[in-house]
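Me: Let's work through this structure by question and answer. Keep the replies brisk.

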Amino acid sequence: MKKAIIFDLDGTLLYTLEDLADAMNYTLREFNMPERTIDEVRRFVGNGIKKLIKRAAAPGTSEEVIDKMFECYKAYYDVHCLDKTRVYDGILEELEVLQKKGYMLGIVSNKVDSAVKELNEQFFKEYTTTAIGEKQGVRRKPAPDTVFTALSELGISAKEAIYVGDSDVDIETAANSGLPCISVLWGFRDKSFLIEHGAVHFAEKPADLTEIIDSISKGEM
(Lines give C-alpha, C1' and ligand atoms only; values in the text may rest on other atoms or scores of the structure.)
Protein backbone atom coordinates (compact mmCIF):
# COMPACT_ATOMS: atom_id res chain seq x y z
CA MET A 1 0.00 0.00 0.00
CA LYS A 2 1.16 3.49 -0.83
CA LYS A 3 1.37 6.03 1.96
CA ALA A 4 2.34 9.30 0.26
CA ILE A 5 1.84 11.32 -2.91
CA ILE A 6 4.68 13.52 -4.14
CA PHE A 7 3.52 16.38 -6.37
CA ASP A 8 5.37 18.56 -8.84
CA LEU A 9 4.45 22.24 -8.40
CA ASP A 10 4.41 24.31 -11.62
CA GLY A 11 1.91 22.95 -14.12
CA THR A 12 0.62 20.35 -11.67
CA LEU A 13 -0.66 22.17 -8.58
CA LEU A 14 -0.15 25.78 -9.65
CA TYR A 15 -0.68 27.68 -12.89
CA THR A 16 2.49 29.78 -12.87
CA LEU A 17 3.20 30.24 -16.57
CA GLU A 18 2.32 33.92 -16.87
CA ASP A 19 4.43 34.95 -13.89
CA LEU A 20 7.34 32.88 -15.23
CA ALA A 21 6.97 34.52 -18.65
CA ASP A 22 6.71 38.01 -17.17
CA ALA A 23 9.89 37.49 -15.14
CA MET A 24 11.69 36.07 -18.16
CA ASN A 25 10.68 38.93 -20.44
CA TYR A 26 11.58 41.54 -17.82
CA THR A 27 15.03 39.98 -17.65
CA LEU A 28 15.38 39.86 -21.44
CA ARG A 29 14.44 43.54 -21.68
CA GLU A 30 16.99 44.44 -19.03
CA PHE A 31 19.68 42.74 -21.12
CA ASN A 32 18.45 44.16 -24.46
CA MET A 33 17.38 40.78 -25.81
CA PRO A 34 14.19 39.91 -27.75
CA GLU A 35 11.23 38.88 -25.62
CA ARG A 36 9.67 35.43 -25.78
CA THR A 37 6.04 34.39 -26.28
CA ILE A 38 4.19 32.57 -23.54
CA ASP A 39 4.16 29.40 -25.68
CA GLU A 40 7.93 29.59 -26.02
CA VAL A 41 8.29 29.94 -22.25
CA ARG A 42 5.92 26.99 -21.82
CA ARG A 43 8.31 24.84 -23.87
CA PHE A 44 11.39 26.17 -22.07
CA VAL A 45 10.31 25.49 -18.46
CA GLY A 46 10.84 22.28 -16.52
CA ASN A 47 14.58 22.05 -15.90
CA GLY A 48 15.07 24.94 -13.49
CA ILE A 49 15.37 28.70 -13.91
CA LYS A 50 18.93 28.77 -15.23
CA LYS A 51 18.00 26.36 -18.03
CA LEU A 52 14.93 28.49 -18.81
CA ILE A 53 17.17 31.54 -19.12
CA LYS A 54 19.69 29.72 -21.33
CA ARG A 55 16.89 28.63 -23.66
CA ALA A 56 15.31 32.09 -23.79
CA ALA A 57 18.49 34.17 -24.06
CA ALA A 58 20.02 35.26 -27.34
CA PRO A 59 22.18 32.56 -28.98
CA GLY A 60 25.78 32.66 -27.85
CA THR A 61 25.11 34.36 -24.52
CA SER A 62 28.05 33.70 -22.20
CA GLU A 63 27.82 31.89 -18.89
CA GLU A 64 28.85 35.10 -17.14
CA VAL A 65 25.87 36.94 -18.62
CA ILE A 66 23.55 34.00 -17.90
CA ASP A 67 24.58 34.22 -14.23
CA LYS A 68 23.77 37.94 -14.18
CA MET A 69 20.43 37.28 -15.87
CA PHE A 70 19.68 34.62 -13.26
CA GLU A 71 20.16 37.16 -10.46
CA CYS A 72 17.96 39.67 -12.30
CA TYR A 73 15.27 37.07 -12.91
CA LYS A 74 15.32 35.86 -9.32
CA ALA A 75 15.06 39.39 -7.90
CA TYR A 76 12.04 40.15 -10.10
CA TYR A 77 10.32 36.81 -9.57
CA ASP A 78 10.72 36.94 -5.79
CA VAL A 79 8.59 40.10 -5.81
CA HIS A 80 6.13 39.13 -8.55
CA CYS A 81 5.74 35.34 -8.16
CA LEU A 82 2.12 35.67 -7.03
CA ASP A 83 0.89 38.34 -9.48
CA LYS A 84 -0.96 35.91 -11.76
CA THR A 85 -0.22 32.52 -10.19
CA ARG A 86 -3.23 30.50 -9.05
CA VAL A 87 -4.14 27.01 -7.93
CA TYR A 88 -5.65 24.91 -10.71
CA ASP A 89 -9.39 24.40 -10.37
CA GLY A 90 -10.18 21.29 -8.35
CA ILE A 91 -6.71 20.84 -6.85
CA LEU A 92 -7.48 21.89 -3.28
CA GLU A 93 -10.58 19.71 -3.21
CA GLU A 94 -8.53 16.75 -4.45
CA LEU A 95 -5.77 17.33 -1.90
CA GLU A 96 -8.42 17.31 0.83
CA VAL A 97 -9.83 14.02 -0.46
CA LEU A 98 -6.39 12.41 -0.54
CA GLN A 99 -5.55 13.73 2.92
CA LYS A 100 -8.79 12.32 4.34
CA LYS A 101 -7.98 8.97 2.77
CA GLY A 102 -4.80 8.93 4.81
CA TYR A 103 -2.17 9.80 2.20
CA MET A 104 0.67 12.09 3.24
CA LEU A 105 1.30 14.83 0.67
CA GLY A 106 4.55 16.49 -0.39
CA ILE A 107 5.81 18.87 -3.06
CA VAL A 108 9.06 18.79 -5.05
CA SER A 109 10.07 21.44 -7.57
CA ASN A 110 12.94 22.83 -9.61
CA LYS A 111 12.25 26.27 -8.19
CA VAL A 112 14.69 27.47 -5.57
CA ASP A 113 13.83 26.02 -2.18
CA SER A 114 12.82 29.37 -0.64
CA ALA A 115 10.25 30.02 -3.39
CA VAL A 116 8.83 26.50 -3.08
CA LYS A 117 8.37 26.91 0.65
CA GLU A 118 6.79 30.36 0.19
CA LEU A 119 4.29 29.07 -2.38
CA ASN A 120 3.52 26.04 -0.24
CA GLU A 121 2.87 28.30 2.74
CA GLN A 122 0.63 30.52 0.62
CA PHE A 123 -1.51 27.79 -0.95
CA PHE A 124 -1.05 24.27 0.45
CA LYS A 125 0.14 24.30 4.07
CA GLU A 126 -3.11 22.75 5.31
CA TYR A 127 -2.47 19.64 3.24
CA THR A 128 1.27 19.11 2.81
CA THR A 129 3.90 17.75 5.15
CA THR A 130 6.97 18.72 3.13
CA ALA A 131 7.93 21.03 0.25
CA ILE A 132 11.38 20.76 -1.32
CA GLY A 133 13.12 22.86 -3.98
CA GLU A 134 16.56 23.16 -5.47
CA LYS A 135 19.27 24.24 -3.02
CA GLN A 136 22.90 23.55 -2.27
CA GLY A 137 23.40 19.80 -1.95
CA VAL A 138 19.99 19.04 -3.48
CA ARG A 139 20.16 18.68 -7.25
CA ARG A 140 17.24 19.75 -9.41
CA LYS A 141 15.03 17.23 -11.18
CA PRO A 142 15.33 14.84 -12.99
CA ALA A 143 17.90 13.92 -10.33
CA PRO A 144 16.05 12.15 -7.52
CA ASP A 145 17.41 14.40 -4.74
CA THR A 146 14.27 16.46 -4.10
CA VAL A 147 12.13 13.32 -4.03
CA PHE A 148 14.50 11.48 -1.70
CA THR A 149 14.65 14.51 0.61
CA ALA A 150 10.85 14.65 0.70
CA LEU A 151 10.60 10.90 1.37
CA SER A 152 13.11 11.24 4.20
CA GLU A 153 11.08 14.03 5.78
CA LEU A 154 7.93 11.93 5.42
CA GLY A 155 9.69 8.94 6.97
CA ILE A 156 8.88 6.49 4.18
CA SER A 157 10.60 4.61 1.36
CA ALA A 158 10.22 5.05 -2.40
CA LYS A 159 8.12 1.87 -2.51
CA GLU A 160 5.47 3.64 -0.44
CA ALA A 161 5.00 6.72 -2.66
CA ILE A 162 3.51 7.83 -5.98
CA TYR A 163 4.69 10.78 -8.07
CA VAL A 164 2.35 13.23 -9.86
CA GLY A 165 3.63 15.70 -12.47
CA ASP A 166 2.95 17.31 -15.82
CA SER A 167 6.17 17.00 -17.83
CA ASP A 168 8.82 14.74 -19.32
CA VAL A 169 11.14 15.90 -16.52
CA ASP A 170 8.63 14.55 -14.00
CA ILE A 171 8.41 11.19 -15.77
CA GLU A 172 12.20 10.93 -15.66
CA THR A 173 12.35 12.10 -12.05
CA ALA A 174 9.84 9.46 -10.98
CA ALA A 175 11.81 6.76 -12.81
CA ASN A 176 15.08 7.89 -11.25
CA SER A 177 13.43 7.82 -7.83
CA GLY A 178 11.76 4.43 -8.24
CA LEU A 179 8.20 5.82 -8.05
CA PRO A 180 5.24 5.18 -10.36
CA CYS A 181 4.24 8.38 -12.16
CA ILE A 182 0.82 9.86 -12.93
CA SER A 183 0.96 12.49 -15.69
CA VAL A 184 -1.62 15.29 -15.52
CA LEU A 185 -3.05 16.78 -18.70
CA TRP A 186 -3.89 20.30 -17.50
CA GLY A 187 -0.25 21.41 -17.25
CA PHE A 188 2.52 22.58 -19.56
CA ARG A 189 2.78 19.50 -21.85
CA ASP A 190 0.18 17.74 -24.01
CA LYS A 191 -0.70 14.04 -23.97
CA SER A 192 1.10 13.09 -27.19
CA PHE A 193 4.32 14.66 -25.92
CA LEU A 194 4.00 12.83 -22.60
CA ILE A 195 3.34 9.49 -24.32
CA GLU A 196 6.49 10.01 -26.42
CA HIS A 197 8.42 10.39 -23.15
CA GLY A 198 7.06 7.25 -21.53
CA ALA A 199 3.93 8.35 -19.67
CA VAL A 200 1.64 5.47 -18.66
CA HIS A 201 -0.99 6.84 -16.26
CA PHE A 202 -2.99 9.98 -17.12
CA ALA A 203 -5.30 12.29 -15.16
CA GLU A 204 -7.45 14.58 -17.27
CA LYS A 205 -8.71 16.51 -14.24
CA PRO A 206 -7.70 16.64 -10.55
CA ALA A 207 -10.66 14.53 -9.44
CA ASP A 208 -9.30 11.64 -11.55
CA LEU A 209 -6.27 11.31 -9.29
CA THR A 210 -8.02 9.52 -6.43
CA GLU A 211 -9.10 6.51 -8.49
CA ILE A 212 -5.73 6.20 -10.23
CA ILE A 213 -3.79 6.55 -6.96
CA ASP A 214 -6.00 3.99 -5.20
CA SER A 215 -5.61 1.56 -8.11
CA ILE A 216 -1.82 1.89 -8.10
CA SER A 217 -1.76 1.58 -4.32
CA LYS A 218 -3.73 -1.66 -4.50
CA GLY A 219 -1.48 -3.03 -7.25
CA GLU A 220 -4.27 -2.93 -9.84
CA MET A 221 -2.32 -0.74 -12.32
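## Salt bridges, sheet and core

Me: Which class does Arg 29 fall in: buried, partly exposed or exposed?
Reply: The model is predicted. The relative accessible area of Arg 29 is 43%. Buried needs under 20% and exposed needs over 50%. Therefore Arg 29 is partly exposed.

Me: Which residue forms a salt bridge with Arg 29?
Reply: The closest N and O atoms of the pair are 3.3 Å apart. That is inside the 4 Å limit for a salt bridge. The partner is also partly exposed, at 44% relative accessible area. It is Glu 35.

Me: How many residues apart are Lys 84 and Asp 22?
Reply: Their side chains meet in a salt bridge, 2.8 Å from N to O. Lys 84 sits in the loop between α4 and β3, and Asp 22 in helix α1. Both are partly exposed, Lys 84 at 39% and Asp 22 at 27%. The pair links distant parts of the chain, and the separation in residues is 62.

Me: Which residue meets Lys 125 in a salt bridge?
Reply: The N to O distance is 3.3 Å. Lys 125 has 52% relative accessible area. The cut-off for exposed is over 50%, so Lys 125 is exposed. Its partner counts as partly exposed at 46%, and that partner is Glu 121.

Me: Which residues are joined into one network by salt bridges that share partners?
Reply: The salt-bridge count for the model comes to 20. Some of these bridges share partners. The network they build joins Asp 8, Lys 141 and Asp 170.

Me: In what order do the strands of the open sheet run?
Reply: The sheet holds 6 strands, and the pairing is parallel. Neighbouring strands are turned by 25° against each other on average, direction ignored. β5 and β8 have a single partner strand each, so they stand at the edges. The order is β5-β4-β1-β6-β7-β8.

Me: At about what angle does helix α6 run to β4?
Reply: Helix α6 covers residues 113-123. The helix lies across β4 and β5. Its angle to β4 is about 135°.

Me: Which residue in β8 is the bridge partner of Ile 182?
Reply: Strand β7 covers residues 181-184. β7 and β8 pair in the parallel sense over 3 bridges. Ile 182 also touches residues including Ala 203, Leu 209 and Ile 213. Its bridge partner is His 201.

Me: How many residues are in the largest nonpolar core?
Reply: In soluble globular proteins, nonpolar side chains tend to be buried together. Here Phe 7, Tyr 73, Phe 124, Ile 182 and Leu 209 touch the most other members of that core. Apart from it lies another core of 18 residues, among them Ile 6 and Val 138. The residue count of the largest core is 52.

Me: Is Ser 217 buried or exposed?
Reply: Ser 217 is found in helix α10. Its relative accessibility is 7%. The limit for buried is under 20%. Therefore Ser 217 counts as buried.

Me: How far does the backbone nitrogen of Lys 2 lie from a polar atom of the Ser 217 side chain?
Reply: Leaving aside neighbours within four places in sequence, Ser 217 is in contact with Met 1, Lys 2, Tyr 103 and Ile 162. The cut-off for a polar contact is 3.5 Å. From the Lys 2 nitrogen to the Ser 217 side-chain atom, the distance is 2.9 Å.

Methods. Residues are numbered from 1 along each chain as its sequence is written. This is a predicted model: local features need pLDDT of at least 70, side-chain atom pairs count only at pLDDT 80 or more; totals for chains, interfaces and linings use all residues. Side-chain values use heavy atoms; hydrogens and water are left out. A nonpolar core is a set of buried Ala, Val, Leu, Ile, Met, Phe, Trp, Tyr and Cys residues joined through side-chain atoms within 4.5 Å. Buried means under 20% relative accessible area, exposed over 50%, partly exposed in between (1.4 Å probe, protein chains only). Contact means heavy atoms within 4.5 Å. Two strands pair if DSSP finds at least two bridges between them. Helices (H or I, at least four residues) and strands (E, at least two) are DSSP runs, numbered from the N terminus. Axes are lines fitted to C-alpha atoms, for helices over the stretch in contact, and angles run from 0 to 180 degrees between N-to-C directions. A polar contact is a pair of N or O atoms within 3.5 Å; within protein, one must be able to donate a hydrogen and the other to accept it, and residues adjacent in sequence count only if both atoms are side-chain atoms.
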